[in-house]
Amino acid sequence: MADRDDTVGKRAKIVAIALGMLVGLGVAAVLFLESAWMRGWLEDQASEQLGRPVEIADHGIRWGLPLTLELDEVRIANPDWAETPDLARIDQLAITLDVGRLLRGEIELERVALQRPELLVLRRDDGSTNLDDLMDGEPTQEQEAPLWPEVFVIEQGALSFRDEGQTIALEVAFETPGESTGALSLRLQGEGEVQQDDVQFQAGAQFDIEARRGAVEDFVGQLGDSRLEGALAFDLGAESPQLAVRLHGDTLDLDRLGLMPGPDEEDAAQPDDPEAGEWDRGLAQVLAELEAIEAELDLALERLHYGGQSLHDLEAQAAVSQGRLTIERLQAYQATDEEGARSLWAQGWLESQDGRLAADLSARFERIDLTAALAPFGLGEIGTLDGELNLQRVEEGLVFDDTRLDYEAPQWELSLSLRADSVEREGEPRVHLVGDGRYAGEPFAFDLHVGPLLDLTDDETPYPVAGELSAGDTHLSLDGSAVQPFALGSVEGHLTLQGPSPAQLTDLTGINLPELPPYRVSGYLSYADDLLTLDGLDGSFGDSDVAGDVRLRLGEPPQLWATLVSRQLEADDLLPMLGVSPDTGPGETASAEQQRWDAEEESRQMLFPDRPWDLEALRGTDIVLDYQAANVQAEHVPFTDLALALELEGGVMSVEPLQVGLGGGQVSASWMMDARQEALEGSLQLAIDQVNLQALLDEAGLPEVARDTLGVIGGRGDFHYRGRSLHEVMAGLDGELELAMAQGWLDIIAAELLPLNVANALLAALTGEEQVQLECSYVQLVAERGVVDLAQFFMATEIAHFTGAGAINLETEQLDMAFEGHNRDLTLFTGNSPVQLLGPLREPEVNVITRELLARGALSVLGAIVAPPLAILPWVDLGGGEQVGMGCEQALREFER
């Protein structure tokens, strides 16, 4: 018995000791868990997880079931750049744990309570915030599992938000409505300033972290004078994430909210250019990424301000489902004006199919001001758009159905009406574009069949283009292809161009094109890298043919290179370049305007019209031209061929050489012209060598005279001019022309060479012979300020000498000249009355000077007739030398005697 008592006592002592040890360990554990060391360990763990220093002023444990950890005055530090030290402060954080799960090694939060949490969020000009580096490290698998309490309590929470760049300062109060069970429910109420506008709002919010869904409900806010209301809901835990947004309000100003990027931000935000031929893949890729979400948008605003522009009565209902964006309704109005409202309406869908965009869209535009609508994107003046657009994007391209658009761009003096429908042409899908418009006041029209508007930015695939364009009476036909047609990457194909005159295209193209009679040219056109080439050019202008190659470099200024040839050139086809009408008689080719020119010249009896030249066009284009004509036809002038090399740069033109075949000889010229001043200035030097007089007579319509006539003419000329029209140039002409012939035979009917019947009357009066031998002929004309003086005229034949004097006024186009004959053998003298040539250049009259005419003043011109000096002899040799007859030297010496 005594032994049993001893055993029991021993066991009691052991139990007491064990209990004491357990109590000691418990007390030690309590003391350890509530110790300053433990608080420091908690601070270190939180600091390591957040990447910021964390301070806990005090902590404690409320022992029991459940167990509650209380942390007092918790502080999370701001980054060094922040002016205030704390990112967050919490007066008390109480975390209640499930002890049973804790003993099993699991953590379950039964309740989390925060008293007076304060959070400060800062955003700098560069977009960085004081939250950026929080928890930078990758979360572990354990950290990814959310710890969410069954009950959440927040009392007197406060959030402060500061954005220096956008001038935003907000104070938001938040707390749970009592104990929030399951999802976190918050009441939000805020105020502050956004872009100097007062802000007030309130809303309710719910967040279920475990289910990964939440919502903002009953949002009501005031921004300045604008009132907004709406809601937002999201569910990230669903099979497909879901988002629904509703926003209604009277005014939303994106500019004041800082939501419209500036120019630099716009440039930075532009995506890289898509690969060639994949202009739609970027949008298709975005839509493909939307396949993973479901979304709805309901937007209604009385007025939306963006980029300095405004829309009103904006309504948008859209949804995203399985990658398809459905626009149920999009409607907006621009500011109205005296012509009424400007509006946009659209509906349809877009989606990604096999990596490409598919769409079915309809839109109506009512005088939409594209300049205003797109102003925030820095596109400049664009114009207005009106009409209907109905299109589908299918595998073959864009399909149009009953699309009509009217476009106005006053800044470009452009108006355009377009109709588009998809058709099939030669078994291939095409888009038929037909329309008309006006550019720079001139009407134009087009009728084109183009490819199916697919891969318009492909820089490798040719894009078919065929049809006709017309501007006034000018018509262009093209059958070819284009690469990147909207950007005019390159164009090539067979081209035909015809019209009244190339000059009518100068304003349209900005290229100096000459005034010519009606023309038609064709060739193979190619355009790439701002270089336009027309190979194998073949065609005509007026009654002349032309062929060759042309290159045009577009730029400032445009540069034109051309190598052209003509098998036959009608000389009058070049006259319109001088402002003179071409021949308009039967069988001649001239435009309606050039026919009006001819009628005007005829009614005004003008040889030198006063139509102003387009000097600005001469200044605006650089030209290098090499031109040859094998056969030149001209009325009354025996031209044979023509060759010239022309260079025009910066308004200064030089033509050298300029060579014209004339009567078996040649006229060589050097021509310079300067269009940089208000009036054209220039010079012309001529050299006339070995011109056959017989050919001149034959071409002049005197074949019988030519048959009995021999002679070779030579000469030199040097002229300077200034003016803005041919009339002004002739009215101020300065220079000198000398012509000579020192051999030959002349039929007396060759008097026709002189205007009307002057020489005929003179020779007939002096001789009775049908043919006379020429011994010397010399003419010197001197022009000063448009008045051409017949300084020297001398013609010696075997039977008589002739002299003359007078002047031509090129400004008034009047002449007054007299010619006198002197028989070498008095026995042959039949009469030596002088002859006067008087009147307008187009129709002068011939008078034999009688005593009555002398009384009326004809003596003044007769008094100017003088004998030519012997000094002309070396110069006269240019006319053919002293090989026939007695020559000029003997003739002049005999005349002096």
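Two residues are in contact when heavy atoms of theirs lie within 4.5 Å. With that in mind, we can begin with the whole protein, which is shown here as a predicted model. Among its contacts with a separation of 6 or more, 48% are between residues 24 or more positions apart. The protein has 897 residues, and 42% of them are buried. Its secondary structure comprises 17 helices and 47 strands. About 47700 Å² of the protein is exposed, and 53% of that comes from carbon and sulfur atoms.

Let us start our walk at a helix. Helix α2 covers residues 36–50 and has 15 residues. How far apart should its ends be? At 1.5 Å a residue it should span 21 Å, and because its end C-alpha atoms are indeed 21 Å apart, the expected and modelled spans agree. Several residues of α2 are buried: M38, R39, L42, E43, S47 and L50. Just past the helix comes G51, which takes a positive phi of about 75°.

Next come some charged residues. Side chains of opposite charge can pair when their charged atoms come close. By the rule used here, the count is 21 salt bridges. One of them joins E118 to R89, with 2.7 Å between the closest N and O atoms. This pair links distant parts of the chain, since E118 belongs to strand β4 (residues 109–123) and R89 to strand β3 (residues 86–97), 29 residues apart. E118 has a relative accessible area of 36%, so it is partly exposed. R89 is partly exposed too, because its relative accessibility is 37%.

Strand β4 also holds R123, which reaches a partner in another strand. That partner is D163, and the closest N and O atoms of this salt bridge are 3.2 Å apart. D163 lies in strand β6 (residues 157–163), so the pair ties together parts that are 40 residues apart in sequence. Are the two ends buried or partly exposed? R123 counts as partly exposed because its relative accessibility is 27%. D163, at 6%, falls under the 20% limit and therefore counts as buried.

Further along the chain, a salt bridge forms within a single helix. E600 and R604 both sit in helix α9 (residues 592–604), and because they are four residues apart, about one helical turn separates them. Their closest N and O atoms are 3.3 Å apart. E600 is partly exposed, at 33% relative accessibility, and R604 is partly exposed as well, at 41%. Salt bridges with shared partners join these two with E601, D610 and R611 into one network.

Between these regions, strand β17 (residues 340–353) is the place of A346. What does A346 touch, leaving aside residues up to four places away in sequence? Its contacts are I327, R329, L330, S362 and A363. A346 and E328 are 18 residues apart in sequence, and their C-alpha atoms are 8.3 Å apart in space. With a relative accessibility of 12%, A346 is under the 20% limit, so it counts as buried.

Now for some strands that pair with one another. Strand β33 (residues 622–629) and strand β35 (residues 639–649) are antiparallel, paired over seven bridges. One of the bridge partners is easy to find: L625 is matched with L646 in β35. Strand β35 is also joined to β36 by eight bridges, again in the antiparallel sense. There, E649 stands opposite V652 of β36. β35 and β36 make a hairpin with two residues between them, and G650 in the turn has a positive phi of about 60°.

Our last stop is the nonpolar interior. The largest nonpolar core has 84 residues, and Y627, L642 and L680 are those with the most contacts inside it. The strand that gives the most to this core is β36 (residues 652–662), with five residues. To see one member in its setting, look at L680: beyond residues up to four places away in sequence, it touches W613, L615, L618, M673, D674, A675, Y721, R722 and G723. A second, separate core has 23 residues, including L87, L93, L114 and L184.

Terms used:
Residues are numbered from 1 along each chain as its sequence is written. This is a predicted model: local features need pLDDT of at least 70, side-chain atom pairs count only at pLDDT 80 or more; totals for chains, interfaces and linings use all residues. Side-chain values use heavy atoms; hydrogens and water are left out. Buried means under 20% relative accessible area, exposed over 50%, partly exposed in between (1.4 Å probe, protein chains only). Accessible areas come from the Shrake-Rupley method with a 1.4 Å probe; for residues, only the protein chains shown count as cover. A nonpolar core is a set of buried Ala, Val, Leu, Ile, Met, Phe, Trp, Tyr and Cys residues joined through side-chain atoms within 4.5 Å. A salt bridge is a side-chain nitrogen of Lys or Arg within 4 Å of a carboxyl oxygen of Asp or Glu. Two strands pair if DSSP finds at least two bridges between them. The expected span of a helix is 1.5 Å times one less than its number of residues.
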